[in-house]
Amino acid sequence: MPETTVGPGLAETAEDPVRTDPLAAADRAAQWLRRAEAVAGHLAPGAGRRDREGTAPVAEIRLLKEAGLVTLLGPVEYGGGGQDWPLAYRVVRTVAAADASIGTLLAHHYVWLWIAEFIGTDEKIQHIGEVATRARWFFSGSDRPRSAPLVISDTGGDMLFDGRLERALGHQVSDITMLEGFPEDGEVPVSALAMSNHERLHFEPEPAEFGLRSVAAGTVVANRANIPWTGALGHVDKTFVPRVYNTFLTPTLRLARANVLIGTAAGALRAAEEYLRCQWSDAPPSVSAADVSAGVYGALTARLWAVQALADAVGEESGELHARRRRVSAEERGRHAVRVAALAEQAAEAADEITGGVFRAVGATGARAAGGLDRFWRDVQALRVHEPATDHRRTVGRHVLRGETPEPTWYA
């Protein structure tokens, strides 16, 4: 991996851990986490400025590429990290602690990068895995592809995509955009990967939201965007070949998003701690004031540790199922989806509690802190609004009371 030119410090992580033998798998994972921490160290100082400006994170995505994080899941033989999903979730959490917007983009990238594994044929899995890893492509797509599916016309050799792909994240800074639509006379959706600079794809940016202001969100407008039928993932002779693993996309994406929430909460605690230590160094607090802050921090830290432990446990379960994706059953997928729903609910509640609770510790001046503590709370609210916790609660409750598991469908 080439040494990064983004800033000092990452040069220390430039040696590729997957090529340093003989290291145990745990040692290699630890090195990748240290690399993610180095990236987070570069992202954190400018996160407040990026939040205020709301510009597309061009340099930040370049940093992820140069650090090798975009190819963490890629095959080793093509220059990838060869790592697993449990580590990918922890990397997302680490990056999100520095900047929730970049953590969100990285989480979605990992899922869309894996789209060929979810639904592709063996040929496509091998091909996309190789070219995406060698080129260090960054992937984008809609975080709610079913909200406005594209319409596909069949010209014989090509598919022509038309329509609006809403809530697309990172299209402006990506190399590949995932398209999905329905043939005019079909009921089975078709997914395909397009170069983001395709001449028939145009981007309409969304107005700045109150949080996640650097995810480059908007609508991708497809105007007869032509993709060869050979690019229809999971299709053989224009017919889709289904398997249970197709439906793992949703729990995988929800698990990645949950880790963004947890990382954002951890970032808020860290920023508040740094702010408070700085304040105390200038004016030591009274014993009573220190005790109040210690009590608040103790409660919030315990909440964070608990949800992190649950996230790691569910992440490990996910990794075991991904590892045997060719043999996974619908029942296993359903039970896992329930566990992911429980984590998603807990992550949302914990992140809300922590990012709001830090203000009780730092006091009124905390909202004006240089680190911008308010951005963590706003980012959490922006994440939560796109995935209501009540859906997750019902999923868990129905499983406990009735033994039901979510019906495995394409995305839900």
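**Entry 1: Gly81**

I looked up Gly81 and found it in the loop between α2 (58-66) and α3. The model I am reading is a predicted one. Is Gly81 buried or exposed? I noted a relative accessible area of 1% for Gly81. Buried means under 20%, so Gly81 counts as buried. I then checked the distance from Gly81 to Trp32 and wrote down 8.4 Å between their C-alpha atoms. Along the chain, Gly81 and Trp32 are 49 residues apart.

**Entry 2: α1 and α3**

Trp32 led me to helix α1, where Trp32 is one of the residues that meet α3. Helix α1 covers residues 25-53, and helix α3 covers residues 85-98. I noted that two packed helices are described by the angle between their axes and the distance between the axes. For α1 and α3 I have an angle of about 20° and axes 7 Å apart. Angles under 35 degrees count as roughly parallel, and α1 and α3 are therefore roughly parallel to each other. The crossing of α1 past α3 is right-handed.

Which residues of α3 does α1 meet? I listed Leu87, Arg90, Val91, Thr94, Val95 and Ala98 on the α3 side. On the α1 side I listed Ala29, Trp32, Leu33, Ala36, Glu37, Ala40, Leu43, Ala44 and Ala47. I sorted the residues of this contact into 12 nonpolar, one polar and two charged.

**Entry 3: positive phi**

I looked up two residues with positive phi. Arg167, a residue other than glycine, has a positive phi near 50°. I found Arg167 in strand β3, which runs over residues 158-169. Its relative accessible area is 3%, so I entered Arg167 as buried.

Leu212 also has a positive phi near 50° and is likewise a residue other than glycine. Where is Leu212? I placed Leu212 in the loop between β6 (201-205) and β7 (217-228). Leu212 has 6% relative accessibility and so counts as buried.

**Entry 4: the whole chain**

I ended with totals. The chain has 11 helices and nine strands. How many residues does the chain have, and what share of them counts as buried? I wrote down 412 residues, with 54% of them buried. The accessible surface of the chain is about 17,600 Å². Carbon and sulfur atoms hold 53% of that surface. Last, I looked at contacts in the chain with a separation of 6 or more. Of these, 76% come from residues 24 or more positions apart.

Definitions and conventions: Residues numbered from 1 in each chain as written. Predicted model: local features only at pLDDT ≥ 70, side-chain atom pairs only at ≥ 80, totals over all residues. Heavy atoms only, no water. Helix = DSSP H or I, 4+ residues; strand = E, 2+ residues; numbered from the N terminus. Buried < 20%, exposed > 50% of the residue type's maximum accessible area, 1.4 Å probe, protein only. Contact = heavy atoms within 4.5 Å. Areas by Shrake-Rupley, 256 points an atom, 1.4 Å probe, with all protein chains shown as cover. Axes fitted to C-alpha atoms, helices over the stretch in contact; angles between N-to-C directions. Parallel < 35°, antiparallel > 145°, perpendicular 65-115°, else oblique. Left-handed = near helix turned anticlockwise from the far one by under 90°. Nonpolar A, V, L, I, M, F, W, Y, C, P; charged D, E, K, R; others polar.
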